[in-house]
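Reader: Could you walk me through one helix and one strand of this protein?

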Amino acid sequence: MYAEFFGFREKPFSLTPDPKYLYLSPRHTEAFAHLEFGRRERGGFIVITGEVGTGKTTLARYFLSRLDARTATAFVLYPALSAAELLRATLEDLHIPATGHSLKDHVDALHRFLLASAEQGQVVMLLIDEAQDLSAEVLEQVRLISNLETDTEKLIQIVLMGQSELQELLARRELRQLAQRVTTRYHLSPLNRTETEAYIRHRLMVAGGEGKVTFTAGALGVVHRRSGGVPRLINLICDRALLAAYVAGVRVVEAHMVRRAAGEVRGHAPWVDSRVAAAMVAAGIGLAAAGALFFSSRAPAGTPPPLLAPASLPRVAPANPAPTLGPLLLGLPSDASFDGALAAVQTLWGSAALERTPMRTHLEQVRLLDLPVVLEMFHPARRDACYLALLRLSGNEALVFAGGAERTIDVAEVDRLWTRRAVFVWRDFDAIAHADEATFTAWTRAELFRQGYTDPTLARAVGRFQRKTELAADGVVGNRTLMTLYSRAAYRRPRLHTGGLS
C-alpha cells in the first residue's frame, strides 16, 4: 500500500526471512562466525539458539546462500516429524531417490549418497530449523545420521537451530550422547538501542528507501523500547508506523505514530485523531480498509469498530465485520490448539486411516491442493506458535476452527499471521505409500497418465507434474507428491472450497 508513496522497491519490513535483509549486528556476526567455524571443522553438531523473532531463520538462509557449489544442503523447516519423515524430507531436499519405504531404506540411500559425495569432494550439510520441536526419538535418529562417516572424516555436517528450549532439550539425560558431540554453540540475543537504529536504516536502504523517509530520534527510541530489540517485532512496528505516515501523507515517522503502531501490534486499541482521519479521506483510502490493516478495534466479535474519535466526522464500519484473529491467537495454548485443529480436520474425513504431511507452503498452493489443513500461526506478543484448522475458503472469507469453535475470518488476516508452516491430512485410498516397488510404480504411472502426463519416462512425468503443482521438481514420488496426486484424483474427500465431502 505505501511502497510506491515512499519510493520503495519493496516493503522494507516484511516478515519473510529474505537473506539480503540480514543486518549483521555484532551478535549476528558472532553467530555466523560460529556457523562458519563449525562448517570448517566438520566435526560434531553446530547449535544456534535464540528467542522467538531474533532472526535465526534469516541467518540460516544467509549462511546457506553463501555456501559454494561444492556443498549440498538439506534445510528442514518444519521438524514436527517422525524419524522416517525427517529422513524422507532430508532425501527430498538432497534430491536423493529413495528405493524403498522403510527407515533402513532411507538411511541406506542417504549413506550411499554421502559416500559418493565424499569421493567427489562434495560437502553435505543438514540444517534443521525450530529444532526445539524435535522429539527425543527423532533427535536420537539425527545423532545416528551423524555417525555416518569414513575412517577419517564425518560424511555429513548437522546444524540445529531453535529457541531457548533447545538448550533445555539437549541437557536431558537421554540425549547426553548428542550433547557431547556439539562442537560449537551460540545464543542469539535481541538488539540493543544502537543496533536497533542501524537495523532500521539497513532495511530501509536495502528496500531502496534511503533518504526517502525518516524516523525521528524519538520514534527510533520508541521502536526499541516497545520491541525489546527483537527483529520480528521491530519489523511489525515499523511496518505499521510507515502505514500511519502514509495515511497522514508525511515522510517523517514520529514517536506518536510508533506508539500507535506498537499498541496495534501488542493488541491494544489505538485511537485515531482528526488530522489522520482527514488525511485518510484526502488520500482516497476507505476507512474500513485502513481500520482493518492498522487501526483495528478490539471490540467483541460482531461489534462494528469505532474507527473515528471525533463525533463530527462520519462513522464508517466494515460490512459484516469478522472476528479479529489477533486476540484469539494470544489465548490459544500451543499443544492443545494443535490437537484441536488436527481433530477438526480429521473429523471431516470420518474414521478412515489418514496420513500426515507437514509442508512449508503458501496460500495459492493450499488452494491448489484443496485440502482442509492445520496452519501454524504466530502472534508477535507470544513466544511460541499456536494452531488453527482451515476448513473452508470462500472468496475473501476463511472458515477456521480455533479455541473450540468455528469462526469466519478474513483470508488476508489469516495469511498475515500464518508462519507458512502447515500440516496436511490426507487419505492413501489405494494403500500405495506402503506398497511394494512394482505396485507403487504401476499405480503412479497410471495416475499420472490419467491426469495427462504421458512423458516417455516416469521421472520426466513426475517432474512435470511437480512443476505444475509447485512442488520441488526432483522426479521422485515422496509423500508430498503422492498427496498432491490424490488431491487431483477422483476420490470422494473433504474439499477446502466446498467445506464438505465431494
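What follows is a short conversation about a helix and a strand.

Author: Happy to! This is a predicted model, where local features need pLDDT of at least 70, side-chain atom pairs count only at pLDDT 80 or more, and totals for chains, interfaces and linings use all residues. Residues are numbered from 1 along each chain as its sequence is written, and side-chain values use heavy atoms, leaving out hydrogens and water.

Reader: What span should helix H2 (residues 26-41) have at 1.5 Å a residue?

Author: Helices (H or I, at least four residues) and strands (E, at least two) are DSSP runs, numbered from the N terminus. The expected span is 1.5 Å times one less than the number of residues. H2 has 16 residues and its end C-alpha atoms lie 22 Å apart, in agreement with the expected 22 Å.

Reader: Which residues are exposed on the other side of H2?

Author: Buried means under 20% relative accessible area and exposed over 50%, with partly exposed in between (1.4 Å probe, protein chains only). The buried residues of H2 are His28, Ala31, Phe32, Leu35, Glu36 and Gly38. They cover an arc of only 165 degrees around the axis (taken from the directions from the axis to the C-beta atoms), so they sit on the same side of H2. Exposed on the other side are Arg40 and Glu41.

Reader: Which residue of S4 stands opposite Ile46?

Author: Two strands pair if DSSP finds at least two bridges between them. S1 (45-50) and S4 (157-162) pair in the parallel sense over 4 bridges. Opposite Ile46 in S4 stands Val159.

Key. Contact means heavy atoms within 4.5 Å.
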